[in-house]
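Here's a walk through one model, with an eye on its loops and on how its helices pack. Have the structure open as you read.

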Amino acid sequence: MNPSAIREILKLTELPGIISLAGGLPSALTFPVEAVREATARVLRDTPREALQYAASEGFGPLREWVAGEMARQGVAVSAAQVLITTGSQQGLDLVGKVLIDAGSRVAVESPTYLGALQAFVPYEPEFVSVACDDGGPLPDALATSAGARFLYALPNFQNPSGRSIDARRRADLARAAASAGVPIVEDNPYGDLWYDAPPPAPIASHWREGTIYLGSFSKVLAPGLRLGYAIAPDGVFAKLVQAKQAADLHTPGFNQRIVHEIVRSGFLDAHVPTIRSRYRVQRDAMQAALAAHLPTEGALACRWQMPGGGMFFWVELPEGVDSEALLVKAVARGVAFVPGAPFFAGAARANTLRLSFVTVDADAIERGIVALAAALRDLREEAAPPRAAKKASRRAEVAR
Ligand SMILES: Cc1ncc(COP(=O)(O)O)c(C=O)c1O
């Protein structure tokens with residue numbers, strides 16, 4: 001295990017005066033504080049002793065029912081008995097690693113992929129296989145290289161870190177290619193509800209129910225501090241995940257599960273999630289406008305990015321040969337922070353990439369942050385190739401000496 005690169009960088013972003021586009025945190029302004037307060041009071045009034053007691057490892061029955069209903073709405077028919085409530089979807093990743101990976105077994109991942117998943121899997125000592133990807137996600141034909149892999153870890157909606165999504169057709173093709181290669185899919189979907197242009201297509205699990213483990217989360221639609229997620233798995237794997245969870249933490253806090261069930265059962269999310277979308281859409285648009293206005297797209301410093309249709313991140317490709325870690329040093333000096341892209345690659349890292357979050361700071365700060373980022377890029381170029389006037393001046397200084 002190695003320390004998380006992102007955590008180390010987050011320390012930098014806490015310096016006073018830094019605009020952080022680095023963090024992966026949702027905006028605290030979206031947290032439904034009042035709804036949590038009221039739901040907590042109701043749980044303590046109506047079922048205080050049950051809520052504070054040990055509970056079933058599989059999770060709180062009514063919440064499992066609710067999740068099964070949500071999945072049906074998305075076109076994935078599952079029973080509540082196939083829903084395991086987890087302590088965040090991050091725990092789902094760890095349990096999947098524990099159950100499916102043996103030392104040396106192959107695990108197929110996207111390129112780039114979610115760093116937290118790599119961290120969850122690494123202690124089980126897999127051999128990662130990076131599946132070739134384009135702007136639309138993993139290429140189904142490339143799955144042939146993953147034959148024998150324990151699973152493919154896929155992020156179909158507004159991927160962390162790249163912001164990209166997999167369209168309906170490719171989801172079906174991936175499911176077909178994975179089934180014929182005998183590679184199960186672990187589908188991680190914490191961002192699907194955060195769409196700003198159009199709702200995403202049905203999950204990969206809807207194309208291959210018996211071969212897919214689906215992970216969901218309440219972190220981005222309610223609050224990450226509740227630590228609530230869920231895993232939906234075919235029967236054989238489900239029992240193993242429950243066993244692994246028992247060993248890990250017995251169960252996810254029943255108190256939190258009851259609070260969240262109390263909130264969601266009334267349809268609260270139907271009104272709440274659109275308010276999160278509206279806020280983040282404005283910030284996404286602000287970042288797109290700032291990038292278009294300030295980052296070069298032509299010439300020696302040409303940068304490339306795709307506007308994400310949802311989620312929390314832009315992924316920027318700098319010109320080949322520009323190292324985003326070196327750029328970060330310049331950027332912090334200019335008052336802005338981001339996450340360099342290299343740690344998100346399981347295989348050959350592309351050092352000229354970086355991730356920007358548009359959800360944690362407001363539109364004004366986003367604009368200032370991108371102006372500072374563009375200035376840092378110019379600083380880096382000038383350091384690598386000082387402009388002629390500066391070169392002449394330094395030559396004159398040498399002669400004078
Ligand atoms: C792709 C992805 N999966 C899983 C998680 C973990 O989320 P949580 O454990 O809060 O549900 C995150 C968190 O940012 C994420 O980006």
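Where does proline 112 lie? Proline 112 sits in the loop between β3 (106–109) and α6 (115–121). One thing to keep in mind from here on: this is a predicted model.

## The β3–α6 loop

Proline 112 is worth a look for its backbone: the peptide bond that joins serine 111 to proline 112 is cis, with omega at about 0°.

Threonine 113 is in the loop between β3 and α6 as well. Is threonine 113 buried or exposed? Its relative accessible area is 0%, and buried means under 20%, so threonine 113 is buried. Setting aside neighbours within four places in sequence, threonine 113 is in contact with Leu118, Tyr153, Leu155, Gln159, Asn160, Pro161 and Phe344.

## The β7–α7 loop

Two of those contacts, Asn160 and Pro161, bring us to another cis bond. The peptide linking asparagine 160 to proline 161 is cis, and here omega is near 20°. Proline 161 belongs to the loop between β7 (151–154) and α7 (168–181).

Phenylalanine 158 lies in the loop between β7 and α7 too. Its phi is positive, about 50°, even though phenylalanine 158 is not a glycine. As for its surroundings, phenylalanine 158 is buried, with a relative accessible area of 6%.

## Either end of α8

Start with the loop between β10 (229–232) and α8, where you'll find proline 234. Proline 234 has a relative accessible area of 17%, under the 20% cut-off, so it counts as buried. Leaving out neighbours within four places in sequence, the contacts of proline 234 are Arg209, Glu210, Thr212 and Ile213. There's also a long-range pairing to check on screen: proline 234 and valine 83 are 151 residues apart in sequence, yet their C-alpha atoms are 9.6 Å apart in space.

Now go to the loop between α8 and α9, which holds leucine 250. Leucine 250 is another residue other than glycine with a positive phi, near 65°. What about its exposure? Leucine 250 is partly exposed, at 44% relative accessibility.

## α5 against α8

Helix α8 (residues 235–249) also has a packing partner in helix α5 (residues 88–100): their axes come within 9 Å and cross at roughly 115°. That angle makes α5 roughly perpendicular to α8, and the crossing is right-handed.

On the α5 side, the contact uses Gln91, Leu95, Val96, Lys98 and Val99, while α8 supplies Lys240, Leu241, Ala244, Lys245, Ala247, Ala248 and Asp249. Sorted by class, the residues in this contact of α5 with α8 are seven nonpolar, one polar and four charged.

## α2 against α9

Helix α2 (residues 33–46) packs on helix α9 (residues 254–264) at an angle of about 115°, and the two axes are 9 Å apart. The handedness of the α2 and α9 crossing is right-handed.

From α2, the residues in the contact are Ala35, Val36, Ala39, Thr40, Arg42, Val43 and Leu44; they meet Phe255, Arg258, Ile259, Glu262 and Ile263 of α9. By class, the contact of α2 with α9 comes out as eight nonpolar, one polar and three charged residues.

## α11 against α12

For the last pair, look at helix α11 (residues 324–334) and helix α12 (residues 363–384), whose axes come within 8 Å and cross at roughly 125°. With that angle, α11 is oblique to α12. Their crossing is right-handed.

Ala326, Leu327, Lys330, Ala331 and Arg334 are the α11 residues in this contact, and across from them α12 offers Ala372, Leu373, Ala375, Ala376, Leu377, Asp379, Leu380 and Glu383. The class split for α11 with α12 is nine nonpolar and four charged residues, with no polar ones.

## Cysteines

How many disulfides does the structure hold? Zero. Two cysteines can still be placed by exposure. Cysteine 133 is partly exposed, with 22% relative accessible area, whereas cysteine 303 is buried at 6%.

How values were computed
Residues are numbered from 1 along each chain as its sequence is written. This is a predicted model: local features need pLDDT of at least 70, side-chain atom pairs count only at pLDDT 80 or more; totals for chains, interfaces and linings use all residues. Side-chain values use heavy atoms; hydrogens and water are left out. A disulfide is a pair of cysteine sulfur atoms within 2.5 Å. Buried means under 20% relative accessible area, exposed over 50%, partly exposed in between (1.4 Å probe, protein chains only). Axes are lines fitted to C-alpha atoms, for helices over the stretch in contact, and angles run from 0 to 180 degrees between N-to-C directions. Helices (H or I, at least four residues) and strands (E, at least two) are DSSP runs, numbered from the N terminus. Angles under 35 degrees count as roughly parallel, over 145 as roughly antiparallel, 65 to 115 as roughly perpendicular and the rest as oblique. A crossing is left-handed if the near helix is turned anticlockwise from the far one by less than a right angle, and right-handed if clockwise. Contact means heavy atoms within 4.5 Å. Ala, Val, Leu, Ile, Met, Phe, Trp, Tyr, Cys and Pro count as nonpolar, Asp, Glu, Lys and Arg as charged, and the others, Gly among them, as polar.
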